[in-house]
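Trainee: Hey, got a minute to walk me through this one?
Mentor: Sure, pull it up and we'll go through it together.
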Amino acid sequence: MEKIKIEGKSIYLYSHQIDMRMGMEKIQVLLSQNFSPSELQDSIFVFISKSRKIAKVYVEDEFGRWLMIRELNYTSFKIPRSDEDGKLTFEDVKYLMDGAEIVSERKRIKYA
């Protein structure tokens, strides 16, 4: 996993392929094997499909859990390279979820 820090939450982009048919319970079991309950509440986990057309975002807080699914029709998710600075803002994450590519350290946005 690659850890990215944004505004008080850590965002993890899961680098291994997972079965995108996994539901909330199986994803929670997968994450709880590697993270403590407090780490789960302080983090956001993003899973990208092999085709890079589907993203699942898992979020947990003191009130419950969310599993959000985003599917792109005409483009694919452009995952930032790990050699970049690793810091994203919420706006960068929004662009990423819309299929935009974040390039260079200056975070110029390039639409596909």
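Mentor: One term up front: two strands pair if DSSP finds at least two bridges between them, strands being DSSP runs of E with at least two residues and helices runs of H or I with at least four, numbered from the N terminus. This is a predicted model, where local features need pLDDT of at least 70, side-chain atom pairs count only at pLDDT 80 or more, and totals for chains, interfaces and linings use all residues. Residues are numbered from 1 along each chain as its sequence is written, and side-chain values use heavy atoms, leaving out hydrogens and water.
Trainee: OK, which residue is the bridge partner of Val-57 in S5?
Mentor: Met-68. Strands S4 (residues 54-60) and S5 (residues 65-71) pair antiparallel over seven bridges, forming a hairpin with four residues between them.
Trainee: Switching topic, how many aromatic pairs are there?
Mentor: Four, from a search of the whole structure. Rings of Phe, Tyr and Trp (its six-membered ring) pair if their centres lie within 6.5 Å; planes under 30 degrees apart are stacked, over 60 edge-to-face, the rest tilted. Tyr-12 and Phe-45 have ring centres 5.3 Å apart and planes at 10 degrees, so they're stacked.
Trainee: Where do those two sit, buried or exposed?
Mentor: Both Tyr-12 and Phe-45 are buried (under 20% relative accessible area with a 1.4 Å probe, protein chains only; exposed is over 50%, partly exposed in between).
Trainee: And what about Phe-35 and Phe-45?
Mentor: Their centres are 5.0 Å apart with planes at 65 degrees, so that pair is edge-to-face. Ring pairs link Tyr-12, Phe-35, Phe-45 and Tyr-58 into a cluster.
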